[in-house]
Amino acid sequence: MTEPLRIAVLDDYQGIADTVDWTPIPRATEITSLREHIAPGPALVETLAGHEVVVAMRERTPLDATLLAQLPDLKLLVTTGPFNAAIDVAAAHRLGITVSGTGGAITPTVEHTWALILGLQRHLVVEDQRIRDGLWQSTIGGDLHGATLGLVGVGRIGSRVAAIGTAFGMNVIAWSPNLTDERAAKAGVVRVEREALFADADVVSLHMVLAETTRGLIGPAELGAMKPSAILVNTSRGGLVDEPALVEALHSNQIRGAALDVYQHEPLPPGNPLTSLPNTLLTPHLGYVTQRVMSIFYRDIVEDIAAYCTGSPLRLLTA
């Protein structure tokens, strides 16, 4: 009798893997849904031991060469999305592990960016709690119409955020290391120098890829240049921001607030200073978590595993 295909799904916080139809896979399957995050180390190695397939949910769990080398039974690694900076794909290939990706969608992150901007500008969490406590209005919201939106990055997501800012009647400016006037005009924004963006923007929203050149891109100098009335929004990657510098800027009211969906360490550790500040709006990396995106992810995960089983793997990631 053929042994079942053992599949582990990392960081399945909502338990979606338990609701998926795995029957298109041409082998009997045994699914391990990991509802809690397990940091890289002996506990994760022990949990994944004996699994032929591991599914990585975006970049929640780093899978480096050291960890992969301790999983001799692992033959297929599937990541949600078409790339994953937390996976050492080259090391996987050296170890004979196939790495496949999935499709996805960017619009949910755009929508979540604006949910955070609006939520922080209009103090929605504070006022929701007050009305539940039997109280009435106490805050004064910030206007978007006529304000300046400063985008750090205007790629696929940033350009869509820009379009919505324009629809609100905002002045939209942008900066990134390689942004040209021509690309900015195509996105409907005005290119400015880095210093001008942080000095002039009422809302600064980050939409950059995390790399060694962009890690800690937003630090004391950038935060210090912002208006005391300005807010910072990050739905991209936590590593773009010097988190201790941000905590200090928020604590001292150097900036009015920050709306964050991503963090330097995820899940956000209990007791992180960001959670005790009154001028933050925090969500647990929900930018991509919608019904449509998760349906795409799991549809393609099942297809990837089925294709692997038949010897014709799909959506291969290269190093």
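Helices (H or I, at least four residues) and strands (E, at least two) are taken here as DSSP runs, numbered from the N terminus. With that in hand, the stretch 115–287 comes out as 32% helix and 16% strand, and its end C-alpha atoms sit 10 Å apart. An unreviewed UniProt entry annotates residues 115–287 as "domain: D-isomer specific 2-hydroxyacid dehydrogenase NAD-binding"; UniProt positions follow the numbering used here, feature names are shortened, and annotations may be inferred rather than shown by experiment.

The model is a predicted one, so local features need pLDDT of at least 70 and side-chain atom pairs count only at pLDDT 80 or more, while totals for chains, interfaces and linings use all residues. Residues are numbered from 1 along each chain as its sequence is written, and side-chain values use heavy atoms, with hydrogens and water left out.

Next come the charged pairs. Side chains of opposite charge can pair when their charged atoms come close. A salt bridge is counted when a side-chain nitrogen of Lys or Arg is within 4 Å of a carboxyl oxygen of Asp or Glu, and by this rule the count comes to 15 salt bridges. One of them joins R27 to E52, with 3.5 Å between the closest N and O atoms. R27 belongs to the loop between β1 (5–9) and β2 (29–33), and E52 to the loop between α1 (42–48) and β3 (53–56), so this pair ties together parts that are 25 residues apart in sequence. As for accessibility, buried means under 20% relative accessible area, exposed over 50%, and partly exposed in between (1.4 Å probe, protein chains only). On that scale R27 is partly exposed at 28%, whereas E52 is buried at 19%.

A second pair, R60 and E266, has its closest N and O atoms 3.8 Å apart. This salt bridge links distant parts of the chain, 206 residues apart: R60 is in the loop between β3 and α2 (65–69), and E266 is in the loop between β11 (257–260) and β12 (280–282). R60 is buried, with a relative accessible area of 6%, while E266 is partly exposed at 23%. E266 also takes part in a backbone feature, since a cis peptide bond with omega of about -10° joins E266 and P267. P267, too, lies in the loop between β11 and β12.

Towards a later part of the chain, R315 and E303 meet through their side chains in a salt bridge of 2.7 Å, N to O. E303 is in helix α11 (291–309) and R315 in the segment after α11, so the pair ties together parts that are 12 residues apart in sequence. Both ends have some access to the outside: R315 is partly exposed at 32%, and E303 is partly exposed at 35%. The pair also belongs to a wider arrangement, in which R299, D300, E303, D304 and R315 are linked in a network of salt bridges.

Two backbone angles deserve a look as well. D11 is not a glycine, yet D11 has a positive phi of about 50°. D11 is found in the loop between β1 and β2 and is buried, at 4% relative accessibility. R58 likewise has a positive phi of about 50° without being a glycine. R58 sits in the loop between β3 and α2, and its relative accessible area of 11% makes R58 buried.

The loop between β1 and β2 also holds V20, which is buried with a relative accessible area of 19%. Setting aside neighbours within four places in sequence, V20 is in contact (heavy atoms within 4.5 Å) with Y298 and V302. By contrast, 44 Å separates the C-alpha atoms of V20 and L135, which are 115 residues apart along the chain.

Finally, there is the matter of enclosed space. A cavity is a set of points, on a 1 Å grid over the protein atoms alone, where a 1.4 Å probe fits but cannot get out, and lining residues have an atom within 4 Å of a point. Grid points are joined across faces, edges and corners, and a volume is the space filled by probe spheres set on the points. The structure holds 1 cavity of 30 Å³ or more, and the largest cavity has a volume of about 60 Å³. Its lining includes N234, E243, Y263 and Q264. The lining residues divide into 6 nonpolar, 3 polar and 1 charged, where Ala, Val, Leu, Ile, Met, Phe, Trp, Tyr, Cys and Pro count as nonpolar, Asp, Glu, Lys and Arg as charged, and the others, Gly among them, as polar.

Definitions and conventions. On a 1 Å grid over the protein atoms alone, a cavity is a set of points where a 1.4 Å probe fits but cannot get out, and a pocket is an open set with protein on both sides within 12 Å along at least five of seven lines; lining residues have an atom within 4 Å of a point.
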